[in-house]
Amino acid sequence: MSESSGEAVAAAVASATEAGGWRRATGIAGVAIGVVAAGAAAGVAIERLTVGRGMRQKARLALDSAGPYGGLRGTPGTAYAEDGTALYYEVDDLDPETGAEADRAPRRRRLFGRRTPAPVTVVFSHGYCLNQDSWHFQRAALRGVVRTVHWDQRSHGRSGRGVTQTRDGRPVSIDELGRDLKAVIDAAAPEGPLVLAGHSMGGMTVMALADAFPDLVRERVVGVALVGTSSGRLGEVNFGLPSAGVEAVRRVLPGVLRALGQRAELVERGRRATADLFAGIIKRYSFASRDVDPAVARFAERMIESTPIDVVAEYYPAFNDHDKTAALAHFADLPVLVLAGVRDLVTPSEHSEAVARLLPDAELVLVPDAGHLVMLEHPELVTDRLADLLARAGAVPAATTVDGYGSTSSTGPG
């Protein structure tokens, strides 16, 4: 996209918005986004010329059926947020055969009511427009090795629609997500040490939890993993675009999303009709490697597609308001992993570097050939660094090895 074309789009959008014509602005914003996605769309256009729609649909179905990703299920549960929103979570418990030495030893009489300490629980929080399955590879590798909790943020995955959003029409805030995480911890891991892992918006959720509940962090948290996330200043991200194009989209996108969210059914039909274009955009902003497994790319596409447009609109304002830089101080004395893809266009790796500068004892890992969904793109590397964090936090023995990427065995009801 050239600078001149970006300026033309910006001028057209500004003109339409000032005139108050939201329908016209929506159309022009669509053009702007189409121009912004030109690189992705070009490849899609070639594919459309050479591969029929029916063949593409068959390919998607084949990838959906062949790909094992997202099929892991644990013991389900429901927590309730302050406003009554139902938050779905699943627990993968320790394997009795690989649990603590005390669990394998003959039972001894307990004196004065003492009991075996609760195990460390790793709580995984996912990102915007994703769900708990985005941690598929890490979940597969850690099953039975350590107790884990995976949950869906409000209005995502199997969780209920946000009550505050549907009843009061208020957008989501990152602070609200931090309180949601506290509700999940209270329900799924009410006692024992915690390791908190968050990707993108999930990392922001972890920061918001620390900001609102510093005593919980001080008393129970023994490790933190912040993957592809940011502590603030997201309004400065350019998404890899020329400045004019970015400013055009920023000016109209909040209002356009609100307008589209009010016509969700119509928009969803449009999304299905333009699935090929959006698949290209999703891949561009999710991955950096050329050789990403097509089944993994399709898996990411399915997760993002499943997020309704009105939910996208409800969440969008939260990111410009997000600033949890001060909350990072609550992690200063803990083992912390800060990891990001160098070619992340959504939360650039510079944001992770900024987090690491405020946590000088944290391990900073920058993955050269990786985009925003680094845990799907380079699962072995991410899981290796996560396992090292768990060892430093005392969650697993230092000699523990993890494997089993892509396993679909179940520890609980599906």
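This report describes a predicted model, with attention to one loop residue, a surface patch and one helix.

## V342 and its surroundings

V342 is located in the loop that runs between strand β7 (336–341) and helix α16 (349–358). Its relative accessibility is 42%, so V342 counts as partly exposed, since that class lies between the limits of 20% for buried and 50% for exposed.

Residues beyond four places away in sequence also meet V342: the contacts are S349, L366, V367, P368 and A370. For one of these, V367, the separation along the chain is 25 residues, while the C-alpha atoms of V342 and V367 are 5.6 Å apart.

## A nonpolar surface patch

V342 also belongs to a nonpolar patch on the surface, formed together with L364 and L366. The accessible area of these three residues together is about 210 Å².

Within this patch, L366 is part of strand β8 (residues 363–367). L366 has a relative accessibility of 31% and therefore counts as partly exposed. L366 is also among the residues in contact with V342.

## Helix α9

Helix α9 covers residues 201–212, twelve residues in total. At 1.5 Å a residue, the helix should span 16 Å, and the C-alpha atoms at its ends are indeed 16 Å apart, so the expected and modelled spans agree.

The helix is mostly covered, with ten of its twelve residues buried. The buried residues of α9 are M201, G202, G203, M204, T205, V206, M207, A208, L209 and A210.

How values were computed
Residues are numbered from 1 along each chain as its sequence is written. This is a predicted model: local features need pLDDT of at least 70, side-chain atom pairs count only at pLDDT 80 or more; totals for chains, interfaces and linings use all residues. Side-chain values use heavy atoms; hydrogens and water are left out. Helices (H or I, at least four residues) and strands (E, at least two) are DSSP runs, numbered from the N terminus. Buried means under 20% relative accessible area, exposed over 50%, partly exposed in between (1.4 Å probe, protein chains only). Contact means heavy atoms within 4.5 Å. The expected span of a helix is 1.5 Å times one less than its number of residues. Patches are made of residues with over 30% relative accessible area and no salt bridge: like charges are joined within 9 Å, nonpolar side chains (Val, Leu, Ile, Met, Phe, Trp, Tyr) within 5 Å. Accessible areas come from the Shrake-Rupley method with a 1.4 Å probe; for residues, only the protein chains shown count as cover. A salt bridge is a side-chain nitrogen of Lys or Arg within 4 Å of a carboxyl oxygen of Asp or Glu.
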